[in-house]
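Notebook open, model loaded. I went through the fold piece by piece and jotted down what I looked up.

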Amino acid sequence: MSSTNTTGNAPGSRFANIGRSVSRYGSDIYNNYMRNMYSSLRNDYERVRNSADTETATPRTANSPIKVDLVEFHAKQNAQEHKTDRYELVQFQPATPVFRRGNAFYVAIRFADGRNYDPSRDFLSVVLNFGPRPNVTKGTKVTLVAGNNSEFTKGKAAWDVRMHHMEADVITLHIHIPASVCVGVWKCDIVTSHLQYRHTKETYTCKENIYILFNPWCREDSVFLNDEAKRQEYVLSDVGKVYVGAFNKPTGRRWVFGQFDDVVLPACMYILELSKLDFTARGNPVKLVRAISATVNSLDDNGIIVGRWDNHYEGGTAPWDWTGSVKILEDYMKGNGKPVMYGQCWVFSGVTTTICRALGIPCRSVTNFVSAHDTDESLTIDKFFDGAGNEVDDATNDSIWNFHVWNDVWMARPDLPVGYGGWQAVDATPQEQSEDVYQAGPASVEAVRRGEIGFLYDTPFVFSEVNADIIHWQEDNEQEIGFKKMRTNKYHIGRCIMTKKCGMFDDTGDADSENVLNEYKNAEGTEEERLAVLNAARAGGVAHIYDMPSPEKEDVFFDLIDIDKISIGESFNVNVKIHNKSSEKRSIFACLSACSVYYTGVQAHRVKKVDQDFVLEPGQEEMLSIKVNGDEYLDKLVDYSLMKIYAIAVVKETRQAWAEEDDFAVENPPLILQVKGPVKVNQEFSLECSFTNPLNRVLQQCHFTFEGPGLTRPRVVNVRNINANGTIRHVERFKPIRSGDRIIVANFSSSYLGEVNSSKSVQVQE
């Protein structure tokens, strides 16, 4: 991966050759196909259907082909077997067929003029087409000849058709979809002729878009997941959590994936067209998720979301104001493919989860706390200091993010050796270019754990994110490279990797969190963990960095005391414990500072800084401390209210240098939700929202955002200002349209306080 600064402005449209076919996409055929496809996809979710054309009756003879009057795909009935019945495209009239590959579907054909189908006289074929230039040899055009056979005659790997039922002028066919076909929108024609006069044909073109998806329930499908509880969670669960905050207190932010909403499948198909992924590659989940990671962000190809990390969100929506993916995808489609402003890593991950689950690919959102951003492929995060111990800010572009969110997708990896299938990491956040495109993955999680960085795709980058060492270097002209290695921190990066636990949802806390760190790396300090790091270093040609010696004399002990948590407005202390373990005096220069930071690790505002010179006697211990009051940091907080404390010290006699840092999140008060009255389909119920302002200042620009599949589409409600230390109680009404277990996600934002997130589970009765 190459390093390029990303600010949300597209650097250009450049596509790698792997899995992408560039030359054909400038043709008139493709441009017309895209225009027609976009219009058709919008019709699907807007429920627009054009009236049938008025036809002039054609005289019929005994030798004329039998003419099709109507084709019925039995979308709702087939959806039960295909486990696609929750898609709104299927539920609402007219129902759209949504099938999974590896399964069979029923289709009924009614003939015109009351004429009965006779297999001894009539020839009928079902022609299925995919893409602008369907081709039999490429698997994008399929012709199935209907005979009189009542059983399938081919193996599971082939398309097949059998006669299920014949009655008067209606026949019902049963069509098997192989588990390797291209995923996307297929079109269907029914072609008929007389057996003795095959040159005269009638073609009936079905108006429906036929959506064919991956099938994690099918053993022959490369996304097969052999665990029903995990399929329920990673394919069918439409509400979940994305973890943010600090590593010592991860917080699950509720997110409505909403993969069954009527806008989602059309949006998925549109971005696959936008990706320019070759149509023949769209049955391969490896190439398909790589294309998704490129098109979820707006760089290169005018994808879905514009990334922004500078706390300036004018003209768009602040990332923390989103409650789910549906509104983002809806705005994107209604805006004719104009990228939606704005998102950050967890928004990119939430939308990626929605798209993958909608397409049938098992997917989970994962958050790596203390995540390395290695820009030079050294597998280390390097910090450089001058001879006096001052950090050299412009020596490297490496950084450490407080947290970074990406996705794991489940699939076989036939392109890798046996044992590297299963979870694969993909990342839609545009950090670095891979093959000249802002995309990342899929990288085998097992390959990351073993340090096998030579496997596709982008495994070195993911390995560094979770397992890089932090190396402190000090300027030294006597060294060959101009710096000497002062200190290596082997255990700071990748402190925990959080995802939502399968089958649980905690409305009030995070008992539903799961740490999957051991899937990405061996336990810190074990021989296996160090071997994985050295294995990766040798494969990357940077083993010499790890072999370089560390300083010999470090006789003063330093310890920065971690801060667990503070509530917003409270004061806190930065404390460093120092112990002179030598038998001589030690003169020490120390600097303690506190600043607000973006979650990417970039400093936003300096809050407080103190420098101090002092001398420690042999064996003496000392505690350095600075106090930071609430009023000193409130106006300087940025996204996610993250703070960084930083300490650096230099021992003058030995030139020992030490630096340490710690991050913590300033916590907001809770948003309390309470349901009033019974909850039944098509009957209104009330949700009371209660929030108390903890600050001695007025909160302005206050608003709530609500979203819940089957309960409400995303809505924003502006409310009054909240006085200092005051409380607001707001009542919102909802009318459920579907029964069952439902979740309402609510968010409160204002000046000074943002991203106060909560949820409420409800049981909707019929």
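Before anything else, a cut-off I need for the strand entries: I call a residue buried when its relative accessible area is under 20%. With that in hand I looked at strand β32 in this predicted model. Leu-642, Lys-644, Tyr-646, Ile-648 and Val-650 point one way from β32, while Met-643, Ile-645, Ala-647, Ala-649 and Val-651 point the other way, and all are buried.

**Entry: β32 and its partners**

I counted along the strand, residues 642-651, and 10 of the 10 residues are buried, so β32 is largely enclosed by the rest of the structure. Next I checked who pairs with β32. Strand β29 (residues 586-597) runs antiparallel to β32, with 10 bridges between them. Strand β33 (residues 657-667) is also antiparallel to β32, joined by nine bridges.

I used Lys-644 as a marker for the register. Its bridge partner is Cys-595, and Lys-644 also stands opposite Asp-663 in β33. Then I followed the chain round the hairpin of β32 and β33: there are five residues between the strands, and Arg-655 takes a positive phi near 65°.

**Entry: whole chain**

I stepped back for the overall numbers. The chain has 14 helices and 40 strands. Of its 766 residues, 58% are buried. I also looked at how far apart in sequence the contacts reach: among those between residues at least 6 apart, 69% join residues at least 24 apart. The accessible surface comes to about 30,700 Å², and carbon and sulfur atoms account for 46% of that.

**Entry: the four-stranded sheet**

In what order do the strands of the open four-stranded sheet run? I read it as β2-β4-β8-β7, with antiparallel pairing. β2 (68-72) and β7 (160-167) each have a single partner strand and stand at the edges, so one side of each is left without a neighbour in the sheet. The twist averages 25° from one strand to the next.

I then went through the pairings of β4. With β2, strand β4 (residues 104-111) pairs in the antiparallel sense over four bridges. Leu-70 stands opposite Arg-110, and Glu-72 has Ala-108 as its bridge partner. With strand β8 (residues 170-176), β4 makes seven bridges, again antiparallel; there Tyr-106 stands opposite His-174. Six of the eight residues of β4 are buried, so β4 is largely enclosed by the rest of the structure.

**Entry: nonpolar cores**

Which residues of the largest nonpolar core touch the most other members? The core has 129 residues, and I noted Leu-124, Trp-159, Leu-173, Trp-186, Trp-346, Leu-359 and Phe-403. I picked Trp-186 for a closer look. Leaving out residues up to four places away in sequence, Trp-186 touches a set that includes Leu-128, Phe-130, Val-142, Trp-159, Val-181, Ile-210 and Ile-212. The neighbours of Trp-186 also include Asn-129, Glu-208 and Asn-209. Apart from this core lies another, of 57 residues, with Leu-695, Leu-711, Phe-734 and Val-756 among them.

**Entry: helices α4 and α7**

For helix α4 (residues 228-236), I listed Arg-231, Glu-233, Tyr-234, Val-235 and Leu-236 as buried. What do the buried residues of α4 pack against? I found β3 (98-100), α8 (345-359), β16 (363-373), β19 (422-426) and β24 (496-500). At the N-terminal end, Asp-227 caps α4, with a side-chain oxygen 3.0 Å from the backbone nitrogen of Ala-229.

In helix α7 (residues 326-334), the buried residues are Val-326, Ile-328, Leu-329, Glu-330, Tyr-332 and Met-333. I checked that list against a rule of thumb: an α-helix has 3.6 residues a turn, so residues three or four places apart point the same way. After α7 comes Asn-336, and its phi is positive, near 55°.

**Entry: Ser-399**

Last lookup of the session. Ser-399 sits in strand β18 (residues 399-411). Its side chain makes a polar contact with the side chain of Trp-401, at 3.4 Å. Setting aside neighbours within four places in sequence, I have Ser-399 in contact with Ser-371, Ala-372, His-373, Ile-381 and Thr-600.

Key:
Residues numbered from 1 in each chain as written. Predicted model: local features only at pLDDT ≥ 70, side-chain atom pairs only at ≥ 80, totals over all residues. Heavy atoms only, no water. Helix = DSSP H or I, 4+ residues; strand = E, 2+ residues; numbered from the N terminus. Buried < 20%, exposed > 50% of the residue type's maximum accessible area, 1.4 Å probe, protein only. Contact = heavy atoms within 4.5 Å. Areas by Shrake-Rupley, 256 points an atom, 1.4 Å probe, with all protein chains shown as cover. Pairing = 2+ DSSP bridges. Axes fitted to C-alpha atoms, helices over the stretch in contact; angles between N-to-C directions. Core = buried A, V, L, I, M, F, W, Y, C linked by side-chain atoms within 4.5 Å. Polar contact = N/O pair within 3.5 Å; in protein donor to acceptor, adjacent residues only side chain to side chain.
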